[in-house]
Amino acid sequence: MSESMHIGMAGAGLSCAVIARELAERGHRITIHETRPHVAGNCHTERDAGSGVMVHVYGPHIFHTDDEEVWTLVNRYMDFKPYVNRVKATARGQVFSLPINLHTINQFFGKTFSPSEARAFIESQADTTITDPQSFEEQALRFIGRELYEAFFKGYTLKQWEVDPKRLPASILKRLPVRFNYNDNYFAHRFQGMPAEGYTVMVQRMLDHPNIIVHLGSALRPADVGQYDHVFWSGPLDAFYGHAEGRLPYRTLDFERFEGEGDVQGCAVMNYNDVEVPYTRITEHKHFAPWEEHARSVCYREFSRRCGENDIPYYPVHLTEGDQLLQAYQARAAREQGVTFVGRLGTYRYMDMDVTIRAALDAVRAFINARTA
Ligand SMILES: Cc1cc2nc3c(=O)[nH]c(=O)nc-3n(C[C@H](O)[C@H](O)[C@H](O)COP(=O)(O)OP(=O)(O)OC[C@H]3O[C@@H](n4cnc5c(N)ncnc54)[C@H](O)[C@@H]3O)c2cc1C
């Protein structure tokens, strides 16, 4: 690329941290504005002063990927400890293993099925009258039948999204959400781990470059965009346009923090699938760092609700009836000169951390190639 540019960024989460580092190493000057008092966005981790436990402040984050370049990139900035996410679920007065596997099926139906017996049984439960599933509910009924759907998906989904599962798109359940063996590793990716010193230290190291300046507690306003040669915007897409078309719907989360002695629940994540229990899960943070020892424990009870104007937007809400509002914003964004919208808020999609990093690498490379051309 020709001469050095001055690039502005909204947000110091993973998206902009990756892009900033790539551009800084190519000689460009980067100024990042971050409204929060810390970097790392929603992956932010901090050590609890009282107990010493590393807390995932905006909810539990487990790193998992099949993307070797992404895995190499994160390991350049942080030592990743081996970690396997094993989630449990409390439903109908019992504790089950997730994702639904042979243990879950045998326990739930009071059977001792072999893998092939379980497969045949689940197929007999599936609603084969549904040939072209349109909604999340139809997809689940088609795959696993009513009993498992109601015990493990219906109540949890109602709490998480507060809409009838008939209005959620089938794409939420892409594959058969059941395993016919005893593998209870929540993720099926080749690489999985936890950053030894937390995500925030990892992101701080990405941003530790003489060409990068970070202003914490400082918002980048759309009106400031003209000060830079180019801007990468990882804030909400609708906020960039002053919500002119209306507000894109989000879910927000409330975390009710509590402490305990020793081991409170015996695992990192316990889901609560019954609709009568108002929270979706409890996270016990010390279990994300099994190589550490702490006498006390810090837990989060997690509640999901509609995101208000002053709440933190967590999950974009996509419904079966379509995304006209999103399309209106996307059309405006496509016409925008000098701004690239990135990340989970800038592109209004749920992305795991590895997908976020891959998208950031692709975006910065497309930008560099366009400039070079
Ligand atoms: C509850 C929850 C659990 C998750 N668990 C996992 C998991 O287990 N594994 C996994 O891989 N992924 C997980 N994720 C996804 C992960 O959080 C995202 O991939 C990642 O945070 C996306 O990074 P980002 O930089 O795009 O966005 P963010 O992390 O949201 O960063 C954007 C930043 O921009 C700032 N900002 C916004 N507007 C402005 C502005 N105008 N000026 C300045 N700053 C601004 C915000 O304050 C924020 O810090 C989870 C997400 C959630 C919500």
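1. In this predicted model, strand 1 (residues 6-10) and strand 2 run parallel and are joined by five bridges. One of these pairings involves H6, whose bridge partner in strand 2 is R29. Strand 2 itself covers residues 29-34.

2. Strands 1 and 2 belong to an open sheet of five strands, arranged in the order 10-2-1-11-17 with parallel pairing. The edge positions are taken by strand 10 (212-216) and strand 17 (339-341); each has a single partner strand, so one side of each is left without a neighbour in the sheet. From one strand to the next, the twist averages 15°.

3. Helix 1 packs on this sheet and touches strand 1, strand 2, strand 10 and strand 11 (230-233). The direction of helix 1 makes about 165° with that of strand 2.

4. Helix 1 also meets helix 10. The axes of the two helices come within 8 Å and cross at roughly 35°, and the crossing is right-handed. On the side of helix 1 the contact is made by L14, S15, V18, I19, E22 and L23; on the side of helix 10 it is made by M353, T356, I357, A360, L361, A363 and V364. By class, this contact has 10 nonpolar, two polar and one charged residues.

5. The ligand deserves separate comment. Of the 31 residues around the ligand, those that come nearest are G11, G13, G41, G235 and G343. The elements giving two or more residues to the shell are helix 1 (14-24), strand 2 (29-34), helix 9 (343-346) and helix 10 (353-372). Helix 1 and helix 10 are thus named both in the shell around the ligand and in the helix crossing described above. Sorted by class, the shell has 13 nonpolar, 13 polar and five charged residues.

6. A further open sheet has seven strands in the order 8-7-13-14-15-12-16, and its pairing is mixed. Strand 8 (94-97) and strand 16 (315-316) stand at the edges of this sheet; since each has a single partner strand, one side of each is left without a neighbour in the sheet.

7. Within the seven-stranded sheet, strand 12 (residues 250-261) pairs with strand 15 (residues 296-306) in the antiparallel sense over 11 bridges. Two positions illustrate the register: the bridge partner of F258 in strand 15 is C299, and R251 stands opposite R306 in strand 15. Strand 12 also pairs with strand 16 in the antiparallel sense, over two bridges. There, Y250 stands opposite P316 of strand 16.

8. Helix 5 (residues 136-161) lies across strand 7 (88-91), strand 12, strand 13 (269-272) and strand 15. Helix 5 runs at about 95° to strand 7, whereas the direction of helix 1 makes about 165° with that of strand 2 in the five-stranded sheet.

9. As to overall division, the protein is assigned domain 1 (6-45 + 65-78 + 195-245 + 321-372) and domain 2 (99-172). The C-alpha centres of domain 1 and domain 2 lie 37 Å apart.

How values were computed: Residues numbered from 1 in each chain as written. Predicted model: local features only at pLDDT ≥ 70, side-chain atom pairs only at ≥ 80, totals over all residues. Near = placed C-beta within 6 Å. Helix = DSSP H or I, 4+ residues; strand = E, 2+ residues; numbered from the N terminus. Nonpolar A, V, L, I, M, F, W, Y, C, P; charged D, E, K, R; others polar. Domains from an automatic or database assignment. Pairing = 2+ DSSP bridges. Axes fitted to C-alpha atoms, helices over the stretch in contact; angles between N-to-C directions. Contact = placed C-beta atoms within 7 Å. Left-handed = near helix turned anticlockwise from the far one by under 90°.
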